[in-house]
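Work through the exercises below with the sequence and the model at hand. Each task is followed by a solution in steps.

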Amino acid sequence: MDGPGYPAELSRDLELTRTNVSNHLTCLRGCGLVVATPEGRRTRYEISDPHLTRGMRDLLEAVVAVDQGVPCVDDACECCA
């Protein structure tokens with residue numbers, strides 16, 4: 001989210017295989033979430049819209065705490081079952 005990235009660097013930083021990262025980037029590109037820019041033999045990927053970055057940062061800052069043994073307030077909840 002801090003800027004453009006390359007599959008090889010992302011796979012190293014995230015400790016994932018290049019194939020895994022490439023598959024995810026292809027999916028994200030197909031959904032319009034990232035754009036790809038060829039640079040010689042490499043391809044640079046970046047988030048397609050700055051609003052997405054802002055939204056993802058907000059989601060990452062949200063904290064949800066679950067207390068073990070405390071029943072949910074939603075009777076239909078199945079997370080604690």
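## Exercise 1: The nonpolar patch

Helix 3 supplies the largest share of the nonpolar patch, three residues. The model is a predicted one.

**Task.** Which residues make the nonpolar surface patch, and what is its approximate area?

**Solution.**
1. The members of the patch are M1, L28, L33, L52, M56 and L60.
2. Together they make a nonpolar surface of about 480 Å².
3. To place one of the members, L33, look at the loop between helix 2 (18-30) and strand 1 (34-39).
4. The relative accessibility of L33 is 34%, which puts it in the partly exposed class. A patch residue needs over 30% relative accessible area, and L33 has 34%.

## Exercise 2: A salt bridge to helix 3

**Task.** Find how many salt bridges the structure holds, then describe the one between R57 and D2.

**Solution.**
1. The count of salt bridges is five.
2. In one of them, the side chains of R57 and D2 meet with an N to O distance of 2.9 Å.
3. R57 belongs to helix 3 (residues 50-61), while D2 sits in the segment before helix 1 (7-14), so the bridge ties together parts that are 55 residues apart in sequence.
4. R57 is partly exposed at 34% relative accessibility, because the partly exposed class lies between 20% and 50%.
5. D2 has a relative accessibility of 74% and counts as exposed.

## Exercise 3: Helix 1 and strand 2

**Task.** What is the N to O distance in the salt bridge of E9 and R42, and which parts of the chain does the pair link?

**Solution.**
1. The side chains of E9 and R42 meet at 4.0 Å, N to O.
2. E9 is in helix 1 and R42 in strand 2 (residues 42-47); these distant parts of the chain are 33 residues apart.
3. For E9 the relative accessible area is 31%, and the residue is partly exposed.
4. R42, at 43% relative accessibility, is also partly exposed.

## Exercise 4: A network

**Task.** Starting from E39, identify its salt-bridge partner R44 by distance, and state which residues the network links.

**Solution.**
1. In the salt bridge of E39 with R44, the closest N and O atoms are 2.6 Å apart.
2. A network of salt bridges links E39, R44 and E46.
3. E39 has a relative accessible area of 30% and is partly exposed.

Notes. Residues numbered from 1 in each chain as written. Predicted model: local features only at pLDDT ≥ 70, side-chain atom pairs only at ≥ 80, totals over all residues. Heavy atoms only, no water. Helix = DSSP H or I, 4+ residues; strand = E, 2+ residues; numbered from the N terminus. Buried < 20%, exposed > 50% of the residue type's maximum accessible area, 1.4 Å probe, protein only. Patch = residues over 30% accessible without salt bridge, like charges linked within 9 Å, V, L, I, M, F, W, Y side chains within 5 Å. Areas by Shrake-Rupley, 256 points an atom, 1.4 Å probe, with all protein chains shown as cover.
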